[in-house]
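Trainee: Please take a close look at one loop residue in this structure, and then work outwards from there. I would like the backbone, the burial and the packing covered in one connected answer.

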Amino acid sequence: MIPNIPEPILNLLHEIGEVAGKNAYLVGGFVRDLLLKRPSLDIDIVVEGDATQVAKAMCDRWNGTLEVHPQFGTATVTPENINLSKVDFVTARRETYQGAGTLPIVQSGTITDDLRRRDFSINALAMRLDSNAFGTIVDKTGGLPDLEARVVRVLHNRSFMDDPTRIFRASRYAGRYGFRIAETDAVLIREALPVLSELSGERIRNEIDRVLLEKNAVEIVEHLTELGVWRTIFTDWNLSATFADDFKTAEQAITWASAHLEDEAFQSERVRWMALFGTHIPIYQIEAISFRLVLEHQLQRLISRAQAMKRGVLLEKGTATAFEKLGFPLSAHTSVEHQNGMWCIVDMGNMKTYICGEGNLYRVETPLTAYRCLHQTLTLLAETVKPSEIYQLLKPYPIEALVLGSIGTTVPEWKREKIRDYLFRLRKIRPFITGKDLIAFGEKPGKAFETQLWKLFAAQLDGEIMKKEEAYSRLRKINSNG
């Protein structure tokens, strides 16, 4: 029996074995981490037979809650005891793939079938739970010697072809445990890269999200770079040479924000993606990648279907002739790809990204370009800059980009101080005079109205106005000079 299972979990596993007998096995990551003497909370039980029935019995025994997914033959039990982790029960199954990169066809199977359908040998280990052989390791794929040799290895030669997301997982496990990917697997990965490029943006994005959450994310990202993954996803995606420093800054920014901006809606995943893109990748590429991977973005319409048709253009697909007629001439270095149900046109010569869909022409807007743009904006700053000028420059940027800019050592300290002053003070200042005040003063909304509001607020930010009465006095002066 394996000696290093925490007692509450050990008792829980014994109970499952008592109820399910020789039909239940602890599988996957928990077994792997157990053998590596690493903590793990994901308890996955494979049952030869009906996993749902075993889950129901355990739910009654633990006085817990049950969530059943009959279409998948799975169930999750959350014990009443808050000191115990939830347990996932899965019916043993086998999988067959109809084509490269497609989702598998699933059928009931044995524990051997279930282990052999898994991604890597180190994840294809099971532990018996029946009382006669509790703790016995079941290894049908050579996982134990691979753990000993610290090697990540797939189970068959078509594994990466069948599911190219395993390319990310192989790198994650190697980076997490300090393992190496088997030399034969490195060859298989390169052969599967063309299939990776055909996956949906969501599947790729989810895998990258998991990579960026790893403790050794920098090493994993660099290994994926060596494999050619980023260029496979987007032809010209070259990671910055400063990525390691950028990502370190991102983690520092996340820690700093959790300590200083507790009440803010701060998105850590946004910061990590900004660091991944860095400060050198062109903005149009960030826009194109954000659309490809379904990262957060909006489509801003440039030309409507009606406007295009009025000019004799049908924008069902982006062609050079159509763009020429619409006033957006394309360079010779332009790619057109069908992505996410629309056409993505990347004009490398003019450094523009366009989207065509349902006869409309769009540009991509994403907050993930903000850190890149902020670096450009900061070049405009002079040490004598007024607080109102800082406010105007920084107000359009999401808080994640500003925190990154305030932490990163690539930004001069005096500029970082300006950003922090905006974060802690300037952005929280409320104007003495509002639009309602101006209307009550007899002003009519319009361009001049907005100009007056800003002049008054700028004077307030710069310390020229200290109270509301002084703002009214300044307003009367503006009107008398008007």
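Mentor: Arg 150 is found in the loop between α5 (143–149) and β10 (151–152). In this predicted model, Arg 150 has a positive phi of about 60°, although it is not a glycine. The sign deserves a remark because most residues other than glycine have a negative phi. The relative accessible area of Arg 150 is 40%, so the residue counts as partly exposed.

Asn 63 can be set beside it. Asn 63 is likewise not a glycine, and its phi is positive, at about 50°. Its place is the loop between α3 (51–62) and β3 (65–69). With a relative accessible area of 49%, Asn 63 is partly exposed; the upper limit of that class is 50%. Two further positive phi values belong to other settings. Asn 340 has a positive phi of about 55° and sits in the turn of a hairpin formed by β13 and β14. Gly 463, just after α22, has a positive phi of about 80°.

Back near the starting point, Val 152 is a contact of Ala 170, once neighbours within four places in sequence are left aside. The other contacts of Ala 170 on that basis are Phe 120, Phe 160 and Ile 181. Ala 170 belongs to helix α7 (residues 166–177). Its relative accessible area is 0%, so Ala 170 is buried. From Ala 170 to Val 154 the C-alpha distance is 8.5 Å, with the two positions 16 residues apart in sequence numbering.

Two of those contacts lead to the aromatic residues. Of the 15 aromatic pairs counted, one is formed by Phe 120 and Phe 160: the ring centres are 6.5 Å apart, the planes make an angle of 55°, and the pair is classed as tilted. Phe 120 is in the loop between α4 (111–116) and β8 (125–128), while Phe 160 is in helix α6 (residues 159–162), so their pairing ties together parts that are 40 residues apart in sequence. Both Phe 120 and Phe 160 are buried. They also belong to one aromatic cluster, together with Tyr 173, Tyr 177 and Phe 179. Over the ring of Tyr 173 sits the charged end of Arg 172, 5.7 Å from the ring centre.

Another arginine, Arg 270, lies in helix α13. Arg 270 has a relative accessible area of 11%, so it is buried. Apart from neighbours within four places in sequence, Arg 270 is in contact with Glu 296, Pro 367, Leu 368, Pro 398 and Glu 400. Helix α13 (268–277) is itself among the elements that cover the buried residues of α12; these also include α9 (201–212), α10 (217–227), α19 (399–407) and α20 (413–424). The buried residues of α12 include Phe 243, Phe 247, Ile 254 and Trp 256, and also Asp 246 and Thr 249. Helix α12 (residues 243–260) has 18 residues and should span 26 Å at 1.5 Å a residue; the end C-alpha atoms are 25 Å apart, which agrees.

Helix α22 (residues 447–461) passes the same kind of check: 15 residues should span 21 Å, and the end C-alpha atoms are 21 Å apart, which agrees. Among the buried residues of α22 are Phe 449, Leu 453, Leu 456 and Phe 457, along with Gln 452 and Gln 460.

That leaves the sheet to which the hairpin with Asn 340 leads. An open sheet of 5 strands runs in the order β12-β16-β15-β14-β13, with antiparallel pairing. The edge strands are β12 (298–303) and β13 (334–339); each has a single partner strand, so one side of each is left without a neighbour in the sheet. From one strand to the next the twist averages 30°. β13 pairs with strand β14 (residues 342–347) over 6 bridges, in the antiparallel sense, and there are 2 residues between these strands in the hairpin. Glu 337 stands opposite Cys 344 in β14. Strand β15 (residues 352–357) and strand β16 (residues 360–365) are paired over 4 bridges, again antiparallel. Here Tyr 354 has Arg 363 in β16 as its bridge partner.

Note on methods: Residues are numbered from 1 along each chain as its sequence is written. This is a predicted model: local features need pLDDT of at least 70, side-chain atom pairs count only at pLDDT 80 or more; totals for chains, interfaces and linings use all residues. Side-chain values use heavy atoms; hydrogens and water are left out. Two strands pair if DSSP finds at least two bridges between them. Axes are lines fitted to C-alpha atoms, for helices over the stretch in contact, and angles run from 0 to 180 degrees between N-to-C directions. Rings of Phe, Tyr and Trp (its six-membered ring) pair if their centres lie within 6.5 Å; planes under 30 degrees apart count as stacked, over 60 as edge-to-face and the rest as tilted. Buried means under 20% relative accessible area, exposed over 50%, partly exposed in between (1.4 Å probe, protein chains only). A charge sits over a ring if NZ of Lys or CZ of Arg is within 6 Å of the ring centre and within 35 degrees of the ring normal. The expected span of a helix is 1.5 Å times one less than its number of residues. Contact means heavy atoms within 4.5 Å.
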